[in-house]
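Thanks for coming, everyone. Let me put today's structure on the screen, and then I'll walk you through it.

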Amino acid sequence: MSHRLRSKTAWVFDLDGTLTNPVHDFAHMRSALGMAENADILQTIAETKGAQRALLTQQLDKLEAHYAARASAAIGVEKLIAQLVKRNCLLGIFTRNTKEMALLSLQAIGVAQYFDSDFIIGRDQAPHKPNPVGLTQLLQQWQVQVSDAVMVGDFRFDLEAGRAAGTATVHIAKDEQRWPELTDYYYSSLVQLSADLAG
Ligand SMILES: [Mg+2]
């Protein structure tokens, strides 16, 4: 099964909780923003009008800066990214965070040098996941076929975006929650993925 994954040349990663350890306390973020439990934060902001929307955006940026500064590297991230670079793969980030925060986090975890900032798609560059447009744009920019591409993430939105764009999907997660209908390849860590690619 990993044979086909090994042949992929365009790798797009979610950032928070995928390349970094999950530190975002979304329940706390929702409550700080005055949102309902389980609310989709970005969707709720998108549906809010005027001054309130600007205020929520500002509050969210502040919360995210707090988390970005505390980003720690997921185990095996440097090895995996270096391995893909060695294979001449194209590397991108598709995040619901801002590009600015993504750059901060990539620096904090020591892999910023592997990513071209043109290939970091944040919520100001494209509609947020699960909308696949950001991913599709990246593949067009690279001029690669969807069959050569893979979307890697820890959450349903990442896998849904990959499915909708037509790429392969890789789910990386330690916790119990799985979305088998959205997942082509599952690994419990980047170390496992790395080993499979090398093997
Ligand atoms: Mg994530």
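**A buried lysine and what surrounds it**

K129 is buried, at a relative accessible area of 1%. Keep in mind that this is a predicted model. K129 is in the loop between β3 (120-121) and α7 (133-142).

So what does K129 touch, setting aside residues up to four places away in sequence? The list is D14, F94, T95, R96, M151, F157, D158 and A161. Two of these deserve a closer look.

Start with D14. K129 and D14 form a salt bridge, with the closest N and O atoms 2.9 Å apart. The two ends come from distant parts of the chain: K129 from the loop between β3 and α7, D14 from the loop between β1 and α2, 115 residues apart. Both K129 and D14 are buried. For D14 the relative accessibility is 6%.

Now D158. Here the salt bridge to K129 has its closest N and O atoms 2.7 Å apart. K129 is in the loop between β3 and α7 and D158 is in helix α8, so this pair ties together parts 29 residues apart in sequence. K129 and D158 are both buried. Shared partners join D14, K129 and D158 into one salt-bridge network.

How buried is D158? Its relative accessible area is 3%. There is a backbone partner too: the nitrogen of F155 lies 3.0 Å from a polar atom of the D158 side chain. Beyond four places in sequence, D158 is in contact with D14, K129, M151 and G153.

**The magnesium ion**

D14 comes back here. Which protein atoms are the donors of the magnesium ion? They are D14 (OD), D16 (O) and D154 (OD), lying 2.2 Å from the ion. Written as a pattern, the donor spacing is D-x1-D-x137-D. D14 sits in the loop between β1 (10-13) and α2 (26-32), and D154 in the loop between β4 (149-153) and α8 (156-165), so the pair ties together parts 140 residues apart in sequence.

Exposure next. D14 counts as buried at 6%. D154 is partly exposed, at 22%. The cut-off for buried is under 20%.

So D14 has two roles in this picture. D14 is a donor of the magnesium ion, and D14 is also in the network with K129 and D158.

**Two domains**

Step back to the whole chain. The domain assignment gives domain 1 as 2-21 + 73-198, and domain 2 as 26-69. Their C-alpha centres are 24 Å apart. Domain 1 puts 10 residues in contact with 8 residues of domain 2.

How much area do the domains bury between them? About 770 Å², with 54% of it on carbon and sulfur atoms. On the domain 1 side, M101, R123 and H128 supply 56% of the area buried against domain 2, more than any other three residues.

Charge also features at this interface. As general background, side chains of opposite charge can pair when their charged atoms come close. Between domain 1 and domain 2 the count is 3 salt bridges. R123 makes a salt bridge with D61, at 3.1 Å between the closest N and O atoms. The domains also share 4 residue pairs in polar contact, with both residues at pLDDT 80 or more. Helix α6 (residues 99-108) gives the largest share of the domain 1 side that touches domain 2, at 4 residues.

Another salt bridge to point out is R96 with D40, at 2.6 Å, N to O. This pair also links distant parts of the chain: R96 is in the loop between β2 (90-94) and α6, D40 in the loop between α2 and α3 (41-46), 56 residues apart. R96 counts as buried at 17%. D40 is partly exposed at 22%. R96, remember, is among the residues that K129 touches.

**Two loop residues to finish**

First, A112. A112 is in the loop between α6 and β3. Its relative accessible area is 21%, so A112 is partly exposed. Outside its neighbours within four places, A112 is in contact with L106 and Q107.

Then P180, in the loop between β5 (168-172) and β6 (185-187). Buried or exposed, this P180? Exposed, at 60%. P180 and L193 are 13 residues apart in sequence, and 17 Å apart from C-alpha to C-alpha.

That's the tour. Over to you for discussion.

Definitions and conventions:
Residues are numbered from 1 along each chain as its sequence is written. This is a predicted model: local features need pLDDT of at least 70, side-chain atom pairs count only at pLDDT 80 or more; totals for chains, interfaces and linings use all residues. Side-chain values use heavy atoms; hydrogens and water are left out. Donors are N, O and S atoms within 2.8 Å of the metal (3.2 Å for Na, K and Ca); water is not among the atoms, so sites may look incomplete. Buried means under 20% relative accessible area, exposed over 50%, partly exposed in between (1.4 Å probe, protein chains only). Domain bounds come from an automatic or database domain assignment. Contact means heavy atoms within 4.5 Å. Buried area is the accessible area (1.4 Å probe) that two parts lose on being put together, summed over both. A salt bridge is a side-chain nitrogen of Lys or Arg within 4 Å of a carboxyl oxygen of Asp or Glu. A polar contact is a pair of N or O atoms within 3.5 Å; within protein, one must be able to donate a hydrogen and the other to accept it, and residues adjacent in sequence count only if both atoms are side-chain atoms.
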